[in-house]
Amino acid sequence: MVVATTVMRRANVVVRDLSALEALGGVTNICSDKTGTLTQGAMIVRKVWVPSNNIYTVQDSKHPNNPTEGRVTVAKKKDAAEGSQEKRDFDQERSAATLKFDVPEEKLNPQREELKKEKTAEINPELEAFLLSAALCNLATVRRDPEPKDDQPEWQVTGEPTEIALQVFAHRLDRGKKAIEAQGWKQVAEFPFDSSIKRMSVVYNGPNLDHSMVFTKGAVERILDLCTTVGTGSDKRPMTEEYKEEILKRMNAFASQGQRVLAIASRAWDGMYTEKTIAENTEDDSALRQRVESGLTLLGLAGIYDPPRRETTPAIAECSSAGIRVHMLTGDHPATAEAIAKEVGIIPGNLGTLREDIAKSLVLKASDFDKLSDGEIDALPELPLVLARCAPDTKTRMIEALRRRGAFMAMTGDGVNDAPSLSRADVGIAMGSGSDVAKSASKIVLTDDKFNSIVAAIREGRRMFDNIQKFILHLLTSNVGEVILLIAGLGFQDEDGYSVFPVSPLQILWINLVTSSFPAFGLGREAASREVMRKPPHDKKSGVFTKQVLVDMVVYGILMGTLTLVTFIIIVYGANSGQLGRDCNKEWSEGCLPVFRARAAVFAELTWLILFSAWEFKDIRRSMFRLNPDSTSRFPLFKDLWENKFLFWAVAIGAVSVFPVVYIPVLNTRVFKHTGITWEWSLAIGALILFIAGMELWKLTKRTFGLLEDRAVVRGAFSQGEESGRKFHRSFSMGSLKSWKSLGRRDTSMSRDAEK
C-alpha cells in the first residue's frame with residue numbers, strides 16, 4: 001500500500017480511502033466533467049457576436065490570460081452558417097505549442113489569410129455596452145504583476161475560468177472591471193449563478209444615471225427567454241421568434257466549433273436600486289430575482305474556447321483498449337459538448353456510421369434524459385456518452401442507470417452539488433480545485449484535475465489487483481506443494497513404524513518465513529504489466545480468487561509436490577535401498593544418513609522451485625522468457641527480470657542461501673535435520689528445470705487453447721478513442737510509434753514528442 005500511495009502521489013492523485021485503489025481496477029465506466037478535466041480549463045474568448053452581425057475575433061493569442069497578446073479583429077457576417085469554414089483555424093490554434101512544417105501558411109490554412117485581412121476592432125456604442133455588461137457581471141479579477149517571480153506569469157487571474165475569459169476580453173479593449181468601477185460604477189446587488197437556471201445577474205448604479213442597471217449573463221436559451229429586445233440605441237429592436245431562431249443558429253455555429261456560448265444582456269431598472277430598496281422588499285428571493293431578470297435586452301454572444309488537453313485523447317484511447325467507457329457530463333450546450341467529445345474520441349467523428357437509434361442516444365440534453373423513466377433509460381441501446389446542460393440530479397440518475405446495467409463506475413465532480421453523486425458512485429473522484437464538500441464526499445482527489453490522472457489511478461488499481469493475485473498464487477502454490485509432500489511423506493515409515501518426514505519442521509519454517517517471503521513481497525512491488533490496460537476490468541464478484549488463480553494453484557502445486565517427492569524417493573529408495581533409519585525425525589545417526597541427504601536435496605529443490613516460481617508469476621499467462629509483448633529483443637529475459645530489482649535480489653540471495661544452510665556443521669544436522677550432499681545437487685537442478693518447463697508448458701497451453709482466459713473487452717457500438725487517436729497521431733506525433741494503440745499507452749512519451 002505504501003508503494004501504491006507513493007506512485008499515486010507522483011501521479012497527482014491523493015487517495016483518501018485505500019480500498020478505492022483496488023476498486024479502481026474494476027471500473028467499467030468513467031463519468032467525467034469536461035471543463036478543466038478533459039480540457040485545459042484555460043479558456044479564451046475566441047468569438048463575439050453582436051446584434052449588428054459584427055463578429056469580433058481574437059487572433060494570435062497563445063496565452064489565454066494575457067490581454068496584451070494577440071489582437072481583436074472585426075468582420076461583418078451575413079449569415080450564421082460559416083462554422084465549418086472556420087474549424088481549421090481553431091484546430092491550428094488548439095495549443096500554444098503549435099507545430100511548424102515546411103508548408104506555406106497560405107496553403108496549410110487558407111482561412112488564416114482571410115482573417116489577416118480583417119480590420120482591428122474599435123470601440124463603438126454596441127461593443128461598449130457588451131463589454132460593460134460582460135465586465136461588471138463578473139467575479140473574476142485580472143491584474144498585471146510589474147515584477148513577476150520566475151515561477152509566476154506576468155498576468156495574475158483569479159476566479160472561474162469562464163468569467164476569467166470574459167474579463168480578459170474586456171481588458172483587451174481597456175474595459176476591465178476595475179477600470180469601469182473607477183469611473184463611478186458601484187455594485188448594489190448580486191444574484192449569484194444558479195446551476196438550475198444557469199445564469200447570474202448584478203445590479204449597478206452608474207455615474208450620471210437616474211436609474212440602476214441590471215447586467216446578466218448565462219446560457220443562451222435561458223437568457224433569450226428573458227429578453228424582449230435586442231441591440232442598443234437606435235438599432236434596438238423587438239425580440240421576435242424569427243430573430244430568436246437566427247440567434248440560435250449563430251449560437252450553434254459557435255458551439256459546433258467546440259466553443260461554450262454565453263449570452264450577455266442588460267436592462268435599465270425603474271429608478272435607483274439601493275440598500276433601502278432591498279431592506280423594504282417583501283418578496284422572497286426567487287420572486288425578486290424573477291422580477292429583476294425580466295425584460296432584458298440582448299447585447300451579444302460570446303464564444304469561449306477551452307482546448308482539450310494533449311493527454312486526454314490518448315488517455316481515452318487507453319480506456320477503450322481496457323474496456324472502460326468514458327461519459328462526458330457537462331453543463332455546456334449540446335453542440336459544444338458534442339464537438340469536444342468528437343475531438344477527444346468519446347464519440348465518433350461521423351455519427352452517420354452508426355445505427356440511427358444508437359446515434360440518437362449518444363448525445364442527449366439533461367432535460368431530455370430526465371424526462372425518461374427508468375424503464376425507458378434501460379431500453380436505450382447505449383447510455384448517453386455525452387450529457388449536456390447537466391445538473392447534479394442528472395448525474396445521480398446516470399449513476400443509477402449504470403448500476404442497473406451492472407457497471408462499476410467512477411464519477412468526477414468539484415462542486416458542493418456534486419457531493420451526492422460522488423458519494424453514491426462506486427469510486428468518487430474530486431478535483432483538487434473543487435470544494436471541500438466534494439473532496440470529503442469522495443475517495444480520491446486529483447490535485448491536477450486531469451483526466452489522464454484518473455487513468456493513471458485505474459492503471460495503479462489494476463496493478464495492485466494483479467500483484468495481489470501474483471502474491472497469493474505464489475504463497476498458495478508453495479503451500480499446496482508442501483502439503484502434498486508432507487502428506488505423501490506419512491507413508492515413509494522407519495524400522496519402528498514411525499513416519500519419516502521428507503522435510504523437517506524447521507526446514508518448512510525457514511522456507512516459508514525467510515526464503516519465500518521476500519519474493520512474495522517483491523511480487524507486490526511489481527510494476528504494471530504492459531498489457532494491464534489491454535484487458536477488461538476484473539470481475540468484482542469473483543475477487544482475486546478467479547478460476548485461473550485457483551486452477552494454476554492446483555496445477556503448479558501438484559507439479560511442485562510431485563517433483564520434490566520423486567527426489568526424496570530416488571535418493572532413499574533408488575540410491576540407498578529404502579534405508580530410513582530409526583528416529584530420524586529427532587536426531588542424527590549414521591543410519592539416518594540417507595534420510596538426511598534426501599532432506600537436504602528436497603530442501604534445496606523446494607527452496608529453488610518456490611523462488612524461481614516468483615519470476616514465473618511476474619505474468620500468470622505470458623512466458624517468463626518474453627514478459628514484454630512490445631519488446632523487439634531476441635532474448636529479453638535478463639532485462640525483464642532486472643526491472644524489479646527487489647524481486648531479483650530476493651530470488652538470487654535466497655537461491656544462494658541454500659548452500660550455507662546445507663553445509664554449516666552442527667547447524668545442518670542438529671537444527672535442520674539434514675546433512676551435506678554431493679551428486680544429489682543434480683536432482684535438485686534437474687527438478688528445477690522440469691518445473692520451469694512444466695510452468696511454461698501450462699502457460700503455453702492456456703494461451704494456445706484460450707483456457708481460463710480473461711473475458712473479452714466489451715465494447716459498445718464503436719471503439720472510443722480510435723478515430724480521434726489516428727487524427728491526433730497524424731497531427732502531433734513526431735516519433736516512430738508503431739500504432740495508435742501504442743500511442744495511447746505511452747501518453748507521456750507522446751507529450752514529449754509533440755513538444756519537440
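**Figure 1. Packing of helix H24 against helix H25 in the predicted model.** Helix H24 spans residues 547-574 and helix H25 spans residues 593-616; their axes come within 9 Å and cross at roughly 155 degrees. This angle makes H24 roughly antiparallel to H25, and the crossing of the two helices is right-handed. From H24, the contact is made by Met560, Leu563, Thr564, Thr567, Phe568, Ile571 and Val572. H25 contributes Pro594, Val595, Arg597, Ala598, Ala601, Val602, Glu605, Leu606, Leu609 and Ile610. By class, the contact of H24 with H25 comprises 13 nonpolar, 2 polar and 2 charged residues.

**Figure 2. The largest nonpolar core and the surroundings of Trp681.** The largest nonpolar core has 56 residues, of which Trp608, Val658, Val662 and Trp681 touch the most other members. At least two residues of this core come from each of helix H21 (451-489), helix H22 (505-515), H24, H25, helix H26 (637-643), helix H27 (645-656), helix H28 (658-663) and helix H30 (680-705). The most is given by H25, with 15 residues. Not counting residues up to four places away in sequence, tryptophan 681 touches Ala604, Trp608, Val658, Phe659, Val662 and Tyr663. Another core, of 49 residues, lies apart from the largest one and has Ile30, Leu38, Phe408 and Leu446 among its members. In soluble globular proteins, nonpolar side chains tend to be buried together.

**Figure 3. Isoleucine 692 in helix H30.** Isoleucine 692 has a relative accessible area of 16% and is therefore buried, the cut-off being under 20%. Neighbours within four places in sequence left aside, isoleucine 692 is in contact with Phe612, Glu616, Met624 and Phe625. The C-alpha atoms of isoleucine 692 and serine 613 are separated by 7.6 Å, although these two residues are 79 residues apart along the chain.

**Figure 4. Helix H23 and the elements that cover its buried residues.** In helix H23, which spans residues 517-524, the residues Ser517, Pro519, Ala520, Gly522 and Leu523 are buried. The cover over these buried residues includes H21, H22, H25 and H27. Two of these partners, H22 and H27, are shown in the following two views.

**Figure 5. Contact of helix H22 with helix H23.** The axes of H22 and H23 come within 5 Å and cross at roughly 30 degrees. H22 is therefore roughly parallel to H23, as angles under 35 degrees count as such. Asn512, Leu513, Val514 and Thr515 of H22 make the contact with Ser517, Phe518 and Pro519 of H23. The residues of this contact divide into 4 nonpolar, 3 polar and no charged.

**Figure 6. Contact of helix H23 with helix H27.** The axes of H23 and H27 come within 8 Å and cross at roughly 165 degrees. The two helices are therefore roughly antiparallel to each other, and H23 passes H27 in a left-handed crossing. On the H23 side, the contact is made by Phe518, Pro519, Phe521, Gly522 and Leu523. On the H27 side, Phe646, Leu647 and Ala650 take part. By class, the contact of H23 with H27 has 7 nonpolar, 1 polar and no charged residues.

**Figure 7. Two loop residues with positive phi, lysine 198 and arginine 389.** Most residues other than glycine have a negative phi. Lysine 198, which is not a glycine, has a positive phi of about 55 degrees. Lysine 198 is placed in the loop between strand S9 (186-194) and strand S10 (199-205), and is buried, with a relative accessible area of 8%. Arginine 389 is likewise not a glycine and has a positive phi of about 50 degrees. The loop that holds arginine 389 runs between strand S18 (386-388) and helix H18 (392-404). At 14% relative accessibility, arginine 389 also counts as buried.

**Figure 8. The protein chain as the setting of the close-up views.** The protein chain has 33 helices and 21 strands. Of its 756 residues, 54% count as buried. Among contacts between residues at least 6 apart in sequence, 72% join residues at least 24 apart.

Conventions: Residues numbered from 1 in each chain as written. Predicted model: local features only at pLDDT ≥ 70, side-chain atom pairs only at ≥ 80, totals over all residues. Heavy atoms only, no water. Axes fitted to C-alpha atoms, helices over the stretch in contact; angles between N-to-C directions. Helix = DSSP H or I, 4+ residues; strand = E, 2+ residues; numbered from the N terminus. Parallel < 35°, antiparallel > 145°, perpendicular 65-115°, else oblique. Left-handed = near helix turned anticlockwise from the far one by under 90°. Contact = heavy atoms within 4.5 Å. Nonpolar A, V, L, I, M, F, W, Y, C, P; charged D, E, K, R; others polar. Core = buried A, V, L, I, M, F, W, Y, C linked by side-chain atoms within 4.5 Å. Buried < 20%, exposed > 50% of the residue type's maximum accessible area, 1.4 Å probe, protein only.
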